[in-house]
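Below are some notes on the model you sent. They go through strand pairing, the sheet and the helix contacts in turn.

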Amino acid sequence: MSIILDHVNYIYGQDTPLAVAALRDVCLQIPDGQFVGIIGHTGSGKSTLAQHLNGLLRATSGHIYFDGEDIYGKDYDMKKLRSRVGLVFQYPEHQLFEVDVFSDVCFGPKNLGLERREVELRAYEALRKVGLPDELFYQSPFDLSGGQKRRAAIAGVLAMKPEVLILDEPTAGLDPRGRDEILRQIKKLQTESGMTIFLVSHSMEDVAEYVDRIIVMNRGSVLFDDVPGEVFRHYKELEDVGLAAPQVTYILHLLKERGLDVDVDATTIGEAAETVLHALGR
Amino acid sequence: MGIVKAADVVYEYIRRDEEGNVEGITTAVDKVSLDIAQGEFVAILGHNGSGKSTLAKQINAILNPTEGTIWVDGMDTSEEDKVWEIRQTAGMVFQNPDNQIIGQVVEEDVGFGPENMGVPTKEIWERVEESLRAVGMYAFRKYSPNKLSGGQKQRVSIAGVLAMHPKCIVLDEPTAMLDPSGRKEVIRAVRGLNQVEGVTVILITHYMEEIIHADRVYVMDQGKIAMQGTPKEIFSQVEKLKKLRLDVPQVTMLAYELKRRGLALPDGILTAEELADELQKLRA
């Protein structure tokens, strides 16, 4: 599902003395099946942007188009949009509530009014997609580990069969393996199901490793919008707005300063190893 | 005896069904012994569910060991009449700053601890000022905590603990919810407390690069201490850490990858400078 944001503005508490502009003239074009990272410091507008993408917040001015249709149009089915765009909030495991994992994942599709068979089929598929083993399906969600809970919660959103998936800090508080497992599963959703994915993250290393494109938010505006290598080239400006580049970027810049002819645009460990070996003539 | 000492500590969670019958027992901490000296900077790593938070909560007497003993500054944490003294000696900072800040104004929040301890008013204000200065938040003393960023709020939480003049501070994933600059601010403040004020620091984290300056690292797995050593010793064992669901800093990983592909590099490189020096040697 392609998405266009056309001069979107959003003001919290409009017409009150506390009005704050949270999005300022945001214009974006997201083609089908892209894996997009959204980064920005606390309060930069990342989450506000994410909530616009499934109609949870309505722009104060501007337009948003999904597959060419204006979602603020009179006849547009907003409820349907929410089932097409899945939003996984921060710490989604806090929203688990059913007696067992399987019933919890069924909750969403059941509310779509689907038949029981279809509901269960979807729940089963979704749990497989997040890599949760069968023996956990009938356990209480509260007995799972942090990473497993998180995956169960993501499965709950996947069972709605969204075409777009937005994840707000899906790896916060997880151990390194748990983080890699979840991000790999998400990447697979993109490559195998062609889903469009938005990853809101504070980890520059994760973003560099997995996404095709990075949108940097600052004070409600888009500061940079490009492939990771290009965005992290501006690491000094990123630091000025409370962000950073992946550690690899700093390592490569230092090596370059010390006379090694490396490509400083490499953003992952693999790419960095390549360019170091190349510079050493190996 | 050090400031924090644990001898064969076991902690068991008892799982019960709805009627209150025992369903099973989870051993979260399993015979852990450690001894932390005053002024040390100790890091505790471990995957989710490895028992590190359960261990940390026992240092502060939020939980009491099922078996074994923990002493904080010589006080047995299971002695109930020592609880307040123990909590003043070993302060604790948690993951989410929003759950720890109660004051409407930064300086009032920081003064809450010493006020409860019955510190005279004049001294409370002195403590508030020095604590806020120690974490670099003095300029924000009149602010409402709501107006602060995550990193700033977390530093206020740390100042709140500091105002109680603890000898030791236990931080349980204090940076998990912060953006990169917030993370940097908090870690800088924590290192300052350790080096300048001499406060013992016990830092639990999932960010490997935050602990390269620690004096000692404990790695937990299944409630036990699986590895211990200096950061260099620990991060030299990339394979073993990966098996324990952990990681190494990116520079260590890059050096490891280069070594695997034939470069003669030592194990456990922790900083970009070290890597640059080693690569320089190879070019000479």
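In what sense do E4(B) and strand E5 (residues 75-76) of chain B pair, and over how many bridges?

1. Pairing of E4 and E5. E4(B) and E5(B) pair in the antiparallel sense, over two bridges. This is a predicted model, and the points below should be read with that in mind. One bridge can be placed by residue: B:Val72 has B:Met75 as its partner in E5(B). The two strands form a hairpin with two residues between them, and B:Asp73 there takes a positive phi near 50°.

2. The other pairing of E4. Strand E4 (residues 67-72) of chain B also pairs with strand E1 (residues 4-16) of chain B; these two run antiparallel and are joined by five bridges. Within this pairing, B:Ala7 is matched with B:Thr69 of E4(B). Strands of a sheet pair through backbone hydrogen bonds, either parallel or antiparallel.

3. Chain B as a whole. The secondary structure of chain B amounts to 10 helices and 10 strands. With a radius of gyration of 20 Å, close to the 19 Å that the globule rule gives for 284 residues, chain B is as compact as a globular protein of that length. The C-alpha trace of chain B spans about 65 × 55 × 40 Å along its principal axes.

4. The six-stranded sheet. Chain B has an open sheet of six strands in the order E6-E7-E8-E3-E9-E10, and the pairing is mixed. Strand E6 (90-93) and strand E10 (224-229) of chain B each have a single partner strand and stand at the edges, so one side of each is left without a neighbour in the sheet. From one strand to the next, the twist averages 20°.

5. A parallel pair inside that sheet. Strand E3 (residues 41-46) of chain B pairs with strand E8 (residues 200-204) of chain B in the parallel sense, over four bridges. To locate the register, take B:Phe41, whose bridge partner in E8(B) is B:Val201.

6. A helix on the sheet. Helix H5 (residues 150-162) of chain B packs on this sheet and touches E6 and strand E7 (168-172) of chain B. The direction of H5(B) makes about 165° with that of E6(B).

7. H5 against H6 in chain B. The axes of H5(B) and helix H6 (residues 180-197) of chain B come within 8 Å and cross at roughly 20°. Angles under 35 degrees count as roughly parallel, and H5(B) is therefore roughly parallel to H6(B). The crossing is right-handed. On the H5(B) side the contact includes B:Arg155, B:Ile158 and B:Leu162, while B:Glu185, B:Val186 and B:Leu193 are among the residues of H6(B) that take part. By class, this contact has six nonpolar, four polar and two charged residues.

8. H10 against H11 in chain A. Helix H10 (residues 247-257) of chain A and helix H11 (residues 269-279) of chain A pack at an angle of about 15°, with their axes 10 Å apart. These two helices are therefore roughly parallel to each other. H10(A) passes H11(A) in a left-handed crossing. From H10(A), A:Val248, A:Leu252 and A:Leu255 meet A:Ile269, A:Ala272, A:Thr275 and A:Val276 in H11(A). The residues of this contact divide into six nonpolar, one polar and no charged.

Notes
Residues numbered from 1 in each chain as written. Chains lettered and ligands numbered in written order. Predicted model: local features only at pLDDT ≥ 70, side-chain atom pairs only at ≥ 80, totals over all residues. Heavy atoms only, no water. Pairing = 2+ DSSP bridges. Axes fitted to C-alpha atoms, helices over the stretch in contact; angles between N-to-C directions. Contact = heavy atoms within 4.5 Å. Parallel < 35°, antiparallel > 145°, perpendicular 65-115°, else oblique. Left-handed = near helix turned anticlockwise from the far one by under 90°. Nonpolar A, V, L, I, M, F, W, Y, C, P; charged D, E, K, R; others polar. Rg over C-alpha atoms; globule rule 2.2 N^0.38 Å.
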